[in-house]
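Welcome! Take a moment to turn the structure around on your screen before reading on. The notes below will walk you through it topic by topic.

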Amino acid sequence: MRRIRQLAVSILLIITLTVGMTGTVPVGTVRAAAGPVAGHGALRVSGTDLKDSHGRKFQLKGVSTHGIAWFPQYVNKAAFKTLRDRYGINTIRLAMYTNKSEGYGPAVEKKVQEGVKYATQLGMYVIIDWHVLSEGNPNKHKAQAKRFFAKMAKKYKKHKNVIYEICNEPNGNVTWEKQIKPYAKTIVKQIRRYDKKAVIVVGTPTWSQDVDVVANSPLKAKNIMYALHFYAGTHKEWNQQKLKTAYKKGLPVIVTEFSISDASGNGALDKSSGNKWMRLLNRYNISYTSWSLCNKNESSALIKSSCNKTSGWTAKDLSPAGKWYFNKTKK
């Protein structure tokens, strides 16, 4: 017994010396509080599923920022660490609105890069969200999008944790075949010039609801997923049916934005509808990120409007929507 203890001490000493000399952890040794990327690696799309580097089904459970030009203070490492360690969040979505009137410019691009840096340091996945909204048609800023995604793909091509979302919510007088699909082909090609394998998320018509339409004519490209957005107070069984139809046709869907408020991001919360949605997403292994990480005085904000903390949130700091959501992700 004494020899076994001595042998164990010797092995521990060797491991300690090895780490001290090389700065790396030997195979089989687990770093304390390692993030999800350490265990799951680069993600890929397989059929309708998102899978990790070991070929296992994987589900992103994330939080989206609000527009980072308006709420830049929540893009900080301590905030992301709180979400990871206290609430089981493995993904951060960085929402960058694309109109100058909504803050787009060098400062918000820098903030995106800061967010990617913090998520990477914490071993979390991160979605770079080109937040098309008020312009409706993603082609309005197509040249700008090409430059932006070329820059991001060059910078992050060796990262295992970066996901690109190329058009948040196309809306208005745009269709999949005429406007969105051609745009997506161009931007996907631009990203693939530099980053050959990262997952790319494509928005769908009608504020990213019509995944059933897209399922009839998806892109012929690998590692592509299609966005479905819902606000449970407005989007009920009829929108769930769109998801079911797309899923049955083999379309890989990801929910990159949702809440239990109404479609405005405000109004009454519908927890019953939200619970139905969550059961459906879990049944289909569909990833999701909740809107939004801020203390804005609206129903979908995850932080109380009276709370000025930018990290370290406890239950008393959360809004009703925040408490509902984080009770789901902590399980």
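At the heart of this briefing is a closed barrel of 8 strands, which runs E3-E4-E5-E6-E7-E8-E9-E10 with parallel pairing. From one strand to the next, the twist averages 25 degrees. Please keep in mind that this is a predicted model.

**The chain as a whole**

- The chain's secondary structure comes to 11 helices and 10 strands.
- Of the 331 residues in the chain, 55% are buried.
- Take the contacts in the chain with a separation of 6 or more: residues 24 or more positions apart account for 74% of these.
- About 15000 Å² of the chain is exposed, and carbon and sulfur atoms supply 53% of that area.

**How neighbouring strands pair**

- Strands of a sheet pair through backbone hydrogen bonds, and the pairing can be parallel or antiparallel.
- Strand E4 covers residues 91-97 and strand E5 covers residues 125-131; these two pair in the parallel sense over 7 bridges.
- To find a spot in this pairing, look for Met-96, which stands opposite Trp-130 in E5.
- Strand E7 (residues 200-202) runs parallel to E8 and is joined to it by 3 bridges. Here Val-202 stands opposite Tyr-226 in E8.

**Strand E8 and its surroundings**

- How many of the residues of E8 are buried? The count is 8 of 8, so to speak of E8 as mostly covered is fair, given that buried means under 20% relative accessible area.
- Both faces of E8 are covered. On one side you will find Ile-224, Tyr-226, Leu-228 and Phe-230, on the other Met-225, Ala-227, His-229 and Tyr-231, and all of them are buried.
- E8 and E9 run parallel and are joined by 5 bridges. The chain gets from E8 to E9 by crossing through H9, and this β-α-β crossover is right-handed.
- Two residue pairs help you trace the E8 and E9 pairing: Phe-230 stands opposite Phe-258 in E9, and the bridge partner of Ala-227 is Ile-254 in E9.
- Helix H9 (residues 237-248) lies across strand E8 (224-231) and strand E9 (253-259). Relative to E8, helix H9 runs at about 165 degrees.

**From strand E9 to strand E10**

- Strand E9 is largely enclosed by the rest of the structure, because 7 of its 7 residues are buried.
- E9 and E10 pair in the parallel sense over 2 bridges. In this pairing, Val-255 has Tyr-288 in E10 as its bridge partner.
- E9, H10 and E10 together make a right-handed β-α-β unit.

**Cysteines**

- A disulfide is a covalent bond between the sulfur atoms of two cysteines.
- How many disulfides does the count come to here? It comes to 0, with the rule asking for a pair of cysteine sulfur atoms within 2.5 Å.
- Is Cys-167 buried or exposed? Its relative accessibility is 0%, so Cys-167 counts as buried.
- Cys-294 also has a relative accessible area of 0%, and it is therefore buried.

**Backbone details to look for**

- Most residues other than glycine have a negative phi, and most peptide bonds are trans. The next points pick out some backbone spots that go another way.
- The peptide bond from Trp-291 to Ser-292 is cis, with omega near -5 degrees. You can find Ser-292 in strand E10, which spans residues 288-293.
- Trp-207 is a residue other than glycine with a positive phi, near 55 degrees. It lies in helix H7 (residues 205-208).
- With a relative accessible area of 40%, Trp-207 is partly exposed.
- Asn-285, a residue other than glycine, has a positive phi near 55 degrees. Where does Asn-285 lie? Look in the loop between helix H10 (271-283) and E10.
- The relative accessible area of Asn-285 is 13%, so this residue is buried.

Note on methods
Residues numbered from 1 in each chain as written. Predicted model: local features only at pLDDT ≥ 70, side-chain atom pairs only at ≥ 80, totals over all residues. Heavy atoms only, no water. Pairing = 2+ DSSP bridges. Helix = DSSP H or I, 4+ residues; strand = E, 2+ residues; numbered from the N terminus. Axes fitted to C-alpha atoms, helices over the stretch in contact; angles between N-to-C directions. Contact = heavy atoms within 4.5 Å. Buried < 20%, exposed > 50% of the residue type's maximum accessible area, 1.4 Å probe, protein only. Right-handed = clockwise from strand over helix to strand, strands pointing away. Areas by Shrake-Rupley, 256 points an atom, 1.4 Å probe, with all protein chains shown as cover.
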